Amino acid sequence: MTNLTVTATDRGTSQVLEVAGELDMATASQLREVLRDLTLRRGQQLIIDMAGLGFCDSSGMTALITGRNHAVAADASVALTGVPNHLRRALQVAGLDQIFPVHATPDEAVAAWDARSD
Amino acid sequence: MMCEPGTEPAGGADSAGDSAGDSGEKHSRELAEFSALLEDSAEDLYEHAPCGYLSTLLDGRIAKINSTLLGWLGHAREDLVGQRRFTDLLSVGGRLYHETHFAPLLRMQGELGGIALEMVAADGRRLPVLVTSTVKHGADGQPMLIRTTVFDASDRRSYERELLRARDEANRERDLARQLAATLQRSLLPPSLPSVPGMQVAAHYHHASPEQVGGDFYDLFALSQDRWAFFLGDVCGKGPTAAAVTSLTRYTLRSAAVYDPDPVAVLHNLNSVLRQEFTFEDPRFTTVIFGVLTPQEQGYTIELASGGHPPALLLRADGTVDYQHIRGGQLVGILPDAHFGAATVHLRPGDTLLLYTDGLTEARIGVANARYDEEALQEFATALAPTTAPALMDAVAALFAEFGAGLEDDAAALALSVPAPTNPPPA
């Protein structure tokens with residue numbers, strides 16, 4: 001009924017996961033599997049791009065938190081990009097905007113991360 | 001592919017000339033032996049085939065029957081051939097089915113296969129069989145006789161019985177699971193809400209699935225003679241693990257509130273407890289609003305704290321409706337140093353406070369991927385305000401019913417209201 005696509009791109013200092021569709025109880029495990037199989041290098045930034053995400057419930061937020069856990073465990077960082085307006089509100093309510101840096105686009109997140117690494 | 005003489009290239013045939021003669025002789029000798037074997041076994045195959053054979057005349061009388069079928073039924077050939085009809089060998093039910101379905105269909109189609117019937121042996125034993133029949137026609141195209149193959153279906157019948165038994169068992173298990181889920185769910189929700197002086201309270205719970213215990217919860221209880229605490233929240237996930245976390249959450253909130261009723265302190269306490277449950281791969285969190293009610297001369301003061309929960313909605317006596325945003329709160333149970341926001345709300349006569357879980361604001365409303373949301377809920381409440389907790393909860397229950405299957409997740413709602421003053425007393 002609901003569907004989700006996750007596309008991974010390695011951009012050197014960052015790895016981008018484009019998450020599109022609906023992130024809910026039925027699809028969250030899909031993102032969690034991708035995250036589990038993802039190898040983050042130390043000092044890398046994991047970017048979860050949500051520009052194509054129409055919906056994200058608490059199962060989806062759990063998956064985002066799993067992603068953050070993986071990044072923290074790998075000594076890597078994590079950022080969200082392209083957060084649609086309706087999800088920005090949900091992230092605020094959950095207080096996740098306080099633990100995930102948010103950028104407009106993956107490019108901006110990569111630039112911000114590289115500037116910090118220099 | 002290897003031996004197709006017709007396609008053999010001419011050169012190849014020449015060079016193999018001599019040896020071909022020898023092997024040709026040997027081949028025809030083998031063929032002769034082989035066909036002798038076949039001829040020998042044609043009658044034997046009919047008589048002792050691993051299935052029953054039966055030929056009947058058009059009036060149903062048995063013309064020919066093989067030894068296998070005679071053996072199964074325990075009849076002598078002379079008792080049946082020319083004496084009995086095929087239907088005489090069937091159970092009463094089988095005979096009826098034969099008359100009403102089998103025979104007419106066979107006449108119409110000329111053949112009929114895989115029909116399950118029951119034959120009755122000489123000693124009264126019942127033999128489940130699968131029957132296939134074809135009509136043999138004479139040279140003039142007129143039907144002559146009916147040839148029938150009978151397969152022993154005892155194995156299949158016991159397999160079917162086994163399937164039925166397994167299905168019954170699965171049904172029983174499911175009923176048991178449902179019963180368990182319902183019992184567990186009841187234990188996670190208060191059987192009734194205590195009465196708070198000068199206040200009306202009402203709650204509603206929607207179960208998305210009868211098999212699974214939901215993660216939504218609420219409660220209202222006395223802290224002392226004149227103070228009450230309440231909470232409403234949502235444990236992420238479903239099923240037994242979520243139920244265990246829900247149970248732990250309820251007990252922790254209740255006992256923490258007795259120890260230190262400051263709402264933010266209560267949530268910190270819960271955070272520490274739930275963090276113990278946290279696993280790296282399977283983080284479990286709870287969102288919750290916790291409140292303490294203290295009576296005032298007019299109505300109640302409500303001290304609220306929120307951990308990542310959607311904001312409560314205040315429906316005022318004057319008909320205005322606003323969300324009570326509590327900034328800075330975070331999900332409970334995932335961060336060691338989580339922040340929880342606090343706010344104070346005054347519930348005056350005629351005011352109603354609504355708490356709900358996101359199952360309500362995330363319900364599908366039937367238009368593509370559209371969901372009900374906070375704006376829609378505010379409009380819904382504005383149409384009702386001013387109201388009372390029971391009236392609001394009736395409307396929420398009706399709204400849930402309206403969502404129907406669109407309400408995919410569990411949803412809980414709790415409302416508190418202070419009754420508006422009745423008409424001024426006569427002077």
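Which residue just after H2(A) takes a positive phi? Keep that in mind as you start the tour; this is a predicted model.

**Stop one: a helix in chain A**

Select residues 58–73 of chain A, which make up helix H2. Its 16 residues reach 22 Å from the first C-alpha to the last, close to the 22 Å expected at 1.5 Å a residue. Switch on a surface and you will find H2(A) mostly covered, with 13 of its 16 residues buried. Now go to the start of the helix and show side chains: a side-chain oxygen of Asp57(A) comes to within 2.9 Å of the backbone nitrogen of Ser59(A). Then step past the other end to meet the answer to the opening question: Asp75(A), with a phi of about 60 degrees.

**Stop two: a salt bridge in chain A**

Next, select Arg11(A) and Asp107(A), which form a salt bridge with their closest N and O atoms 2.7 Å apart. Arg11(A) sits in strand S1 (residues 4–11) of chain A and Asp107(A) in helix H4 (residues 106–117) of chain A, so this pair ties together parts that are 96 residues apart in sequence. Arg11(A) is partly exposed, at 36% relative accessibility, and Asp107(A) is also partly exposed, at 49%.

**Stop three: the sheet in chain B**

Move to chain B and colour its strands. You are looking at an open sheet of five strands in the order S2-S1-S5-S4-S3, with antiparallel pairing. Strands S2 (62–65) and S3 (111–120) stand at the edges with a single partner strand each, so one side of each has no neighbour in the sheet. From one strand to the next, the twist averages 25 degrees.

Zoom in on S1(B) (residues 52–57), which pairs with S2(B) over three bridges in the antiparallel sense. Pick Leu54(B) here; its bridge partner in S2(B) is Ile65(B).

Now add two helices. H5(B) (residues 92–109) packs on the sheet, touching S3, S4 and S5 of chain B, and its direction makes about 160 degrees with that of S3(B). H6(B) (residues 154–188) also packs on the sheet and touches S3, S4 and S5, with its direction at about 125 degrees to that of S4(B).

**Last stop: charges on chain B**

Stay on H6(B) and select Glu160(B) and Arg156(B), four residues apart, about one turn of the helix. Their side chains meet in a salt bridge (3.1 Å, N to O). Widen the selection to Glu118(B), Arg126(B) and Arg157(B), which are linked with Arg156(B) and Glu160(B) in a network of salt bridges.

Notes
Residues are numbered from 1 along each chain as its sequence is written. Chains are lettered from A and ligands numbered from 1 in the order in which they are written. This is a predicted model: local features need pLDDT of at least 70, side-chain atom pairs count only at pLDDT 80 or more; totals for chains, interfaces and linings use all residues. Side-chain values use heavy atoms; hydrogens and water are left out. The expected span of a helix is 1.5 Å times one less than its number of residues. Buried means under 20% relative accessible area, exposed over 50%, partly exposed in between (1.4 Å probe, protein chains only). A polar contact is a pair of N or O atoms within 3.5 Å; within protein, one must be able to donate a hydrogen and the other to accept it, and residues adjacent in sequence count only if both atoms are side-chain atoms. Two strands pair if DSSP finds at least two bridges between them. Axes are lines fitted to C-alpha atoms, for helices over the stretch in contact, and angles run from 0 to 180 degrees between N-to-C directions. Contact means heavy atoms within 4.5 Å. A salt bridge is a side-chain nitrogen of Lys or Arg within 4 Å of a carboxyl oxygen of Asp or Glu.
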